[in-house]
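Got a model open and wondering how to read its strands and its inner space? Let's go through it in questions and answers.

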Amino acid sequence: MPYLNNSTIDPSNMRHHLNRSPLVWLTMLLPLLQLGSCATNPVTGKSDYVLMSEGQEIALGQRYNQEILKEMPAYADPELAQLVQSVGKKLAAHSHRTGLNYRFTIVDSPTVNAFALPGGYIYITRGMLAYLNSEAELAAVLGHEIGHVTSRHSVRQHSASTTVNVIGAVISVASGVPGTDDLTSMAGTAIVRGYGREHELEADRLGAQYMARSGYDPDAMLEVIGILKDQETFEKRRAREEGREANVYHGLFSSHPRNDTRLQEVVRAARRHRTGTATRVNHDGYIRALDGLTFGDSESQGIIRGNRIYHKELDFTLAFPTGWQIDNRPDQVAAIPASEDGLMQLEMTELGKTLSPRNVLVKKLGLDDLRRGEKITADGMQGYTGIANSKTTFGIRPVRYIVLLRSKTAFIIAGTAKDKRNPWKYDRQIIATAKTLRGMTAKDEKAGSPRRIRVISAGSNSRYRQLAGQSPIQHYAEDQLRLLNDQYPKGEPHKGQLLKIVR
């Protein structure tokens with residue numbers, strides 16, 4: 001999605017300048033190079049070239065855990081969190097690195113994903129939990145991520161890239177080209193997108209072993225493949241229809257086809273690690289634990305309904321133009337038209353001191369060339385608007401900036417168009433959007449309530465078409481219900497089956 005690359009309104013997309021001399025970076029680089037050594041891999045027993053000790057690995061995980069939780073807060077459900085922690089700890093106790101203090105966190109995101117950081121920090125989204133159908137399937141996902149930790153995949157990835165990244169930083173400072181200092185410097189893309197087929201298969205193998213040793217049937221890993229391959233197929237189809245990038249799980253489910261022979265061999269091999277004849281599945285108990293789980297947007301991050309966002313915690317609602325695609329991010333709300341030739345975004349910032357609306361734009365945002373300025377109001381809030389040239393993904397464009405003040409909170413709206421010959425294409429819509437900003441009413445709070453999974457028992461005549469007609473899901477409701485219950489694309493419930501529906 002395009003974004004306005006202006007440091008005052010989109011700091012998350014700015015590259016951070018490295019204000020150190022090349023000499024300072026070189027003095028930092030030498031100790032890093034000296035730290036490089038061959039450490040014994042706890043899984044294979046072979047030597048791996050790594051740049052950090054286990055203590056440094058844990059410290060790195062702690063640092064990035066804090067950053068991740070700022071962007072993706074933990075989901076507030078103590079009972080569900082305890083279930084995830086309990087299953088994860090059971091698996092970790094039968095892993096190759098039992099000495100690590102593993103931490104398992106549900107993050108408040110509707111996307112379907114799970115990932116691990118160095119040192120035993122493992123995350124699973126509530127979106128992933130919604131599509132699983134047993135405790136054993138949860139164990140399959142967590143076991144796979146534990147496998148990445150025990151094999152030190154992120155550490156090995158980090159070690160392979162750190163020297164290059166630091167040298168790149170030296171070159172960037174010397175050449176005047178800004179470098180970066182974010183998660184990508186720690187091979188973050190691999191952490192959330194996958195490590196490559198061999199590493200993913202190794203994590204599968206280890207996860208299946210840990211499941212068998214912990215009393216779970218490793219065949220559940222194959223069941224998860226089927227569930228999330230169906231979800232992935234649906235998500236890709238929907239993304240194509242909506243003109244956006246698909247959100248799909250990074251690891252074993254994207255790296256394997258449904259009937260992957262190597263994965264089946266890995267699972268069969270894990271069966272010899274079983275400690276008894278009984279295996280734990282716990283289908284119904286897991287399904288019941290999901291009752292009340294937020295489905296889709298969360299109240300803490302804002303709810304999108306049609307073209308309007310409702311944010312109860314921040315007490316505001318705003319309507320974008322009809323037909324625009326809305327992207328609700330932790331630090332801003334962005335929207336683009338179907339033609340993708342324009343952009344609007346909304347941010348909030350707290351002012352440390354009282355400023356006039358105009359001075360928020362000129363002094364706070366540093367818009368020295370602000371022109372065509374005029375006052376504006378919305379829902380009793382005083383504001384100011386003007387035009388300033390800014391760098392965007394379309395190039396340098398005139399950007400419409402609008403600020404509206406509520407006490408010491410500033411709502412900042414910015415928008416532009418791609419066409420150089422018609423940069424004002426969306427100007428009226430940007431101004432009209434700003435004027436829809438208002439505080440939440442009781443009616444808004446009801447409209448902006450989150451949707452939740454509810455668990456029911458299927459009757460003899462229960463059909464997904466009928467259930468979809470009663471569901472608040474606006475698009476693809478029948479498909480979504482089948483996916484949630486592992487009966488996609490044509491399955492139907494049987495009498496007495498516990499069903500996940502959305503209310």
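Q: Which residue in strand 5 is the bridge partner of Thr105?
A: First, the ground rules: this is a predicted model, where local features need pLDDT of at least 70, side-chain atom pairs count only at pLDDT 80 or more, and totals for chains, interfaces and linings use all residues. Residues are numbered from 1 along each chain as its sequence is written, and side-chain values use heavy atoms, with hydrogens and water left out. Strand 3 and strand 5 (residues 121–125) pair in the parallel sense over five bridges (strands are DSSP E runs of at least two residues, helices H or I runs of at least four, numbered from the N terminus; pairing takes at least two DSSP bridges). In strand 5, the partner of Thr105 is Tyr123.

Q: Why is one side of strand 3 and of strand 4 left without a neighbour in the sheet?
A: The open sheet has three strands in the order 3-5-4, with mixed pairing. Strand 3 (103–107) and strand 4 (114–117) each have one side free because each has a single partner strand and stands at the edge.

Q: At about what angle does helix 2 run to strand 5?
A: Helix 2 (residues 54–71) lies across strand 3, strand 4 and strand 5. Axes here are lines fitted to C-alpha atoms, for helices over the stretch in contact (heavy atoms within 4.5 Å), with angles from 0 to 180 degrees between N-to-C directions. Against strand 5, the helix 2 angle is about 25°.

Q: What is the mean pLDDT of the protein?
A: pLDDT is the predictor's confidence in each residue, from 0 to 100. It's below 50 over residues 1–38 and also over residues 159–194. Where pLDDT is low, don't read the predicted coordinates in detail. Across the protein, 78% of residues reach 70 or more, and the mean is 81.

Q: Which strand gives the largest share of the lining of the largest cavity?
A: A cavity is a set of points on a 1 Å grid over the protein atoms alone where a 1.4 Å probe fits but cannot get out, and lining residues have an atom within 4 Å of a point. The lining includes Trp424, Tyr426 and Asp427. Strand 15 (395–406), strand 16 (409–417) and helix 14 (427–434) each give two or more residues. The largest share, three residues, comes from strand 16.

Q: In strand 18, which residue is the bridge partner of Ile456?
A: Strand 17 and strand 18 (residues 498–502) pair in the antiparallel sense over five bridges. Within strand 18, Ile456 is matched with Leu499.

Technical notes:
On a 1 Å grid over the protein atoms alone, a cavity is a set of points where a 1.4 Å probe fits but cannot get out, and a pocket is an open set with protein on both sides within 12 Å along at least five of seven lines; lining residues have an atom within 4 Å of a point.
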